[in-house]
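Welcome, and please bring up the structure in your viewer. We will begin with the whole chain and then move in to a single helix.

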Amino acid sequence: MDGERPYWNMEIEPILNTPEMREMQLAKLKALLRRLYEGAPFYRKQFDELGVVPEKIASMEDFSRAVPLFDKEGLRTMVVESGGDLLAVLDQIMPVSVDDLSIMATTTGTTGIPTPYPMSWHDMEDVWGEAMVRGMWRAGVRKQDRILFCFALSMVIAGVPTMMGAHRLGSMAIPVGAEAGTDRIMLMQTLFRGTVYSGTPSLADYLIEKCREQGRDPKDLGLRKLMCGGEPGAGIPEVRNRLESAFGARIFDAGAGFGFSCDHEEYQGMHWTADDLALYELVDPDTKESIPLED
């Protein structure tokens with residue numbers, strides 16, 4: 001595999017944000033709406049009540065007008081109405097049975113019920129994993145790298161699902177997890193000499209202090225790239241400069257769905273890398289109308 005090629009997926013990534021990609025998105029969207037109608041009782045009932053016929057969706061504008069939003073509040077309402085049975089709710093809104101799922105990740109749930117990320121093996125491998133590897137590739141991560149995973153492995157999608165998805169790249173995974181604590185993280189890094197840190201920028205900042213408490217230079221940890229996400233920081237110039245200077249490493253921002261910054265001399269902000277895998281729409285919170293995406 002050519003390690004110098006610009007993109008992980010040379011078939012899809014060169015046509016991101018093009019008319020050709022919009023045609024692909026619409027075809028995939030119509031197929032998904034049909035699957036939801038046939039296999040997800042919640043959507044079948046909703047579509048019937050609204051007169052939505054998947055085959056009659058002829059444009060993205062048709063979709064935005066015809067299909068209402070389903071948000072966290074809607075999910076919480078369904079969970080309450082089901083007596084707290086989240087699995088029963090998922091069986092209503094997914095076109096596959098919960099028995100066909102391979103992994104269940106969630107958000108932290110700090111604002112109430114954790115938002116579930118149910119995944120079949122196809123979702124894990126060909127959607128989430130594919131998107132994660134695209135971002136890692138743009139950050140310059142390659143097969144010979146060793147990735148120190150420091151996101152919380154126990155609950156959030158950035159933990160085990162991202163680590164599993166990264167195997168497509170062929171890199172070594174060092175699964176430590178934030179819950180193991182900084183002493184364990186430092187030990188594992190010392191033993192196995194990871195080249196890429198994957199975790200929050202605040203934890204990376206704390207590791208700088210831990211190194212100095214131990215009389216060590218953070219550069220001696222040997223990390224050459226910091227893949228940060230889960231919170232603001234990696235895109236803030238002051239934070240980015242402090243982390244890059246302390247570790248002697250390049251920092252990359254991951255988050256906002258399938259957004260990643262890339263290995264470029266001038267920081268260019270986030271790049272959306274998965275038009276073929278997810279439809280990203282900006283919606284007015286009051287009117288629920290679609291808003292054009294602008295820089």
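Among contacts in the protein chain between residues at least 6 apart in sequence, what percentage join residues at least 24 apart? The answer is 64%. Keep in mind as you look around that this is a predicted model.

**Select the whole chain.** Colour by secondary structure, and you should find 10 helices and 11 strands. The radius of gyration is 21 Å, close to the 19 Å that the globule rule gives for 295 residues, so the chain is as compact as a globular protein of that length. If you draw a box along the principal axes, the C-alpha atoms fill roughly 65 × 45 × 35 Å.

**Switch on the surface.** About 15600 Å² is exposed, with carbon and sulfur atoms supplying 54% of it. As for the interior, 43% of the 295 residues count as buried.

**Colour by charge.** Here you have 30 positive and 46 negative side chains. The centres of these two sets lie 5 Å apart.

**Now select residues 72-81.** This is helix α4, and you can show Leu75, Met78 and Val79 as sticks: these residues are buried. They cover an arc of only 100° around the axis, which puts them on the same side of α4. An α-helix has 3.6 residues a turn, so residues three or four places apart point the same way. Turn to the other side of α4, where Val80 and Glu81 are exposed.

**Finally, add the neighbours.** What do the buried residues of α4 pack against? Select α2 (41-50), α5 (86-93) and β2 (116-119) to see these packing partners together.

Terms used: Residues numbered from 1 in each chain as written. Predicted model: local features only at pLDDT ≥ 70, side-chain atom pairs only at ≥ 80, totals over all residues. Heavy atoms only, no water. Helix = DSSP H or I, 4+ residues; strand = E, 2+ residues; numbered from the N terminus. Rg over C-alpha atoms; globule rule 2.2 N^0.38 Å. Buried < 20%, exposed > 50% of the residue type's maximum accessible area, 1.4 Å probe, protein only. Contact = heavy atoms within 4.5 Å. Areas by Shrake-Rupley, 256 points an atom, 1.4 Å probe, with all protein chains shown as cover. Lys, Arg positive; Asp, Glu negative; His and termini not counted. Charge placed at Lys NZ, Arg CZ, Asp CG, Glu CD. Arc of directions from axis to C-beta.
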